[in-house]
Structures are given as C-alpha cells and as structure tokens.
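Trainee: I should be grateful for a close look at one part of this model, namely its nonpolar interior. Please then set that part in the context of the chain and its unusual backbone positions.

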Amino acid sequence: MRTTPFILAGALSLAALPAVAKVSPEEAAKLGGELTPIGAEKAGNADGTIPAWDGGLPKLDISEPTHWEDPFADDAIKFTITKDNVDQYKDKLTVGHLALFNAYGDTYKMNVYPTRRSSGFPEEYYEYTKKNATNATLEGTDLLLGAEVGFPFPIPKNGAEVIWNHRLKYRGKAQQRFNNQFIVLPDGSYTQSTLREDVLFPYGNLSGDHVPINDKDDITIYYVAEILSPPRNAGLFLMAWEHVDYRSAWLYPPALRRVRRAPSVAYDNPYEGTDGNQFYDQVDMYNGALDRFTWKLIGKKEMYIPVNSFAMNEASVKYEDVIGKSHINQDLPRYELRRVWIVEADLKEGTTHKFGKRRFYVDEDSWNIVAVDCYDTRGNLWKVQEGHLIVERGLPASTTVPEIIYDLQARSYFATALRSEDEANNQFVDYDTRFFDPRELKRRATR
C-alpha cells in the first residue's frame, strides 16, 4: 500500500461532539489482513525503505528483570543528517527536529539506520483490540466507554482517538522502575534526580482480572513515585489514580509529614522536583485529560523518528555518556524511516495552558508518541519532546526511554527515564490495589 504524504484529506477534529460511531465490522475485518492487528499498514512502502511488518521482535522467555541488548547491533548507519544536508530531508523531519538543527547544527546530527518494524504484542491483546474496534466509543474528548484490554481505536477517526491509543498502550500488568532525570543547563552543567516508580495497569492486564471500561470512574492506571535524590527532594511521594474521565492524586511532602490531596497534579503544573522543566501532562510524552484542547487528525506521513535505540539503554552505557551540552550525545540514538500519525492540539478558548498548540507524532506500529512540537501561547515553538522507542521484549510491548524535552527559549534540556545504570525494569512485581491506597502512603513514607 503506497503511503502518500498525508493519507487523510483535510483535518478531522473532535470538540464537543456526541459519542463517536464505532467502525463497521467490514472495517474491523481489515485488522490482521491489510492492516496489522493494531491498525498499522502491514505492507511496506513503494520504494522498499519501509519493509512489511512481519510480527515484530519475538517475546523473550525471561524470569527476572533484564537490560535488553541491541538486537540490531550489526546494522550499519545508512546515512547521517547534518546541518550541511538537512535540506534534503526536511520534508521527513518534524518541526522540532528542524529547530534543533537550526539551534545546534554545529554538533547536532541524526544517524539513520535501516527500518526495523520491531513492535509486536501478545496474541490475546490483538483479539481484544479487534473487539474494541466495533465496541469502543468516545464522548467528547475524555469519556471512553466499551473498551477492554487492547488499543481502543485501532482504526482512528479523529485526533483524540489516536491519543487514547497512546494513553492505553499495553505495558503488562505492573512495573517497578528507577527513573533518572537530568536538568541540563546551557553551559552543560546538570543536576540529577532519581525516582522509584511503581505502577499497576488494571486496564491492560491479560491475566484475567483486568478492568473493562464501562464508567467514567473506572481506573486504568495506579501510580506512585518516591523521589530518592537529591537530598532536598528526597522522601517526597506522589500517588495518582488515572480514572477514565479524571484523575485523583495525593502528595506526601516529608516536611509536612502528612498526605494531602493534590488536584494540581495535572495539565501544565510542574512535576515535583523538575524545577518546572516537565509539566505533568508531558510525562510519558503525554498523559491525562484532553479537555483543554481541540484535537485534529492531520493524517499519516513517512518521517525519520527515534526508534530501536536499544544501544542507549544497555547496562554498559553510563548516564554521563548520554548527557551532553545543548543536547544528548547524538552518537547513541537510532533514527529510522517510519509511518507516523500526526495530531494537532489547539488550546480551547476559555481554558488555560502554557502551551497554545502542540503537534504530536505517533508511531503507527506501537501507538507511542515519539515526538511533540510544543508552542507557547504567542505561537512560537518553545519546547521539543523526543521519545526514544524500544521494545520491552519480555512482554512484548513498546515504550519510550529515555525521553527528552528541549527548551529552545532557555537553551536547556530535560532528560527523563534514563535507566541503564540502575536495576532493570521489573515486570514481575505483583501489586494489588491496596498498595496504592493513600491511607497506606504515610506508613510507607515514614517506615
């Protein structure tokens, strides 16, 4: 199937609309046929630079947390994009990437490798995704109903549906991970913080006790984070329950020695300990409510995106190898030509946010957001988000690690989700919902 520059004519928006119609059984029948089981184009592109999808990397049989080795370590760089040849490739680069070349062209580059369509998911997850295609509905931007386990909208009709696919992507039953974050100043100096994050995913749980979405109060994610360092922030806990149509959140600041409700844990409020460099709704590239923006589905396009950067996450890689002046060490990331969905979000009149507009680039093979152009309310490009996509092969699933937020106005950047020097992500933890009870938070915080 040939991919034109934008396969959708015009832009489809979703604002205050009634429930969006489900796709027909005839459309859903394309899943697993001309489309992959999650809705990507199965065929390669016309010139062969994007191959056909063949199922992705196989699941690895593991019994303990593992740092993944690079399955494509023998691949050679096809070419490198630099400031001297960037004009040849600008039609396949995000606005944000072009801005990074303009700002840091003397050192910024992109090494482009052969395209490896590595993302795959469990067979049972595919079955649920196909059911969702004819069952799931979305009222307005935030009330999702009738979805169960899988991607809710494998054949999306508007921008909000694409973002919901990202929000509910498969991540297994639960995880514990260490998250290292770096605030990097224009002179290259940086401060580091470390968090331990525990997460339960009741929506995407394939073990049999998953939670179908039938009501706005249903919870799709339970999350708790403890800041371990630096000392000035250590001991702070954040807990959140991600309901379908809203969020419940609590904070435990050690100076107060009590748990308090935290309605500010949302939107453009700064995440605790990031000194304003990351908003809450920038975690995991985007999370939380969609109601302050209108969402337009621009279409699908072939673009160079950060993907299969396993080399950045191998245990031998030190954080100081990744963190550089002005930008991360661009010898480490891997870029490939992929098809991405493009979604634009514009701030609604009568609402507030520090971003007036955002453009999201979403990988078709995994529904992960891999890049975001963030504009201020004056229409100037302000921040550029980049998520380096890899496959968690023990599930299998796909996620972005690390994630970078470049501040073009301050000439600084923020890196999060670095993990190579710490224990590997633990997918074998087994939480129940009592672990995420705010009444238990103080007990754990003062143990």
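Mentor: The account below begins with the interior and then turns to the whole chain and its backbone.

This is a predicted model, in which local features need pLDDT of at least 70 and side-chain atom pairs count only at pLDDT 80 or more, while totals for chains, interfaces and linings use all residues. Residues are numbered from 1 along each chain as its sequence is written, and side-chain values use heavy atoms, with hydrogens and water left out.

A nonpolar core is here a set of buried Ala, Val, Leu, Ile, Met, Phe, Trp, Tyr and Cys residues joined through side-chain atoms within 4.5 Å. Buried means under 20% relative accessible area, exposed over 50%, and partly exposed in between (1.4 Å probe, protein chains only). The largest such core has 44 residues, and those that touch the most other members are Phe121, Leu144, Ile163, Trp164, Trp295, Phe360 and Ile369. At least two residues of this core come from each of α3 (123-135), β5 (143-145), α4 (159-167), β12 (293-306), β13 (335-347), β14 (357-363) and β15 (369-375). Helix α4 provides the largest share, 4 residues. Helices (H or I, at least four residues) and strands (E, at least two) are DSSP runs, numbered from the N terminus.

Tryptophan 164 merits individual attention. With neighbours within four places in sequence set aside, tryptophan 164 is in contact (heavy atoms within 4.5 Å) with Leu138, Thr141, Asp142, Leu144, Pro152, Phe153, Val244 and Leu290. A second core, separate from the largest one, holds 33 residues, among them Phe182, Val322, Tyr375 and Leu418. In soluble globular proteins, nonpolar side chains tend to be buried together.

The chain as a whole has 6 helices and 18 strands. Of its 447 residues, 60% are buried. Among contacts with a separation of 6 or more, 67% join residues 24 or more positions apart. The C-alpha trace spans about 60 × 50 × 50 Å along its principal axes. The radius of gyration of the chain is 21 Å, which agrees with the value near 22 Å for a compact globule of 447 residues. That radius is taken over C-alpha atoms, and the globule rule is 2.2 Å times the number of residues to the power 0.38.

Several backbone positions also deserve notice. Most residues other than glycine have a negative phi, and most peptide bonds are trans. Valine 149, not a glycine, nevertheless has a positive phi of about 65°. Valine 149 lies in the loop between β5 and α4 and is buried, with a relative accessible area of 0%. Aspartate 275 likewise has a positive phi, of about 55°, and is placed in the loop between β11 (260-261) and β12.

Two cis peptide bonds involve proline. One runs from serine 229 to proline 230, with omega near 5°, and proline 230 lies in the loop between β8 (219-229) and β9 (237-243). Glycine 235 is found in the loop between β8 and β9, and its contacts beyond four places in sequence are Ile227, Tyr252 and Pro254. Glycine 235 and tyrosine 252 are 17 residues apart in sequence, with their C-alpha atoms 8.2 Å apart. The other cis bond joins valine 401 and proline 402, with omega about -10°; proline 402 belongs to strand β17 (residues 397-407).
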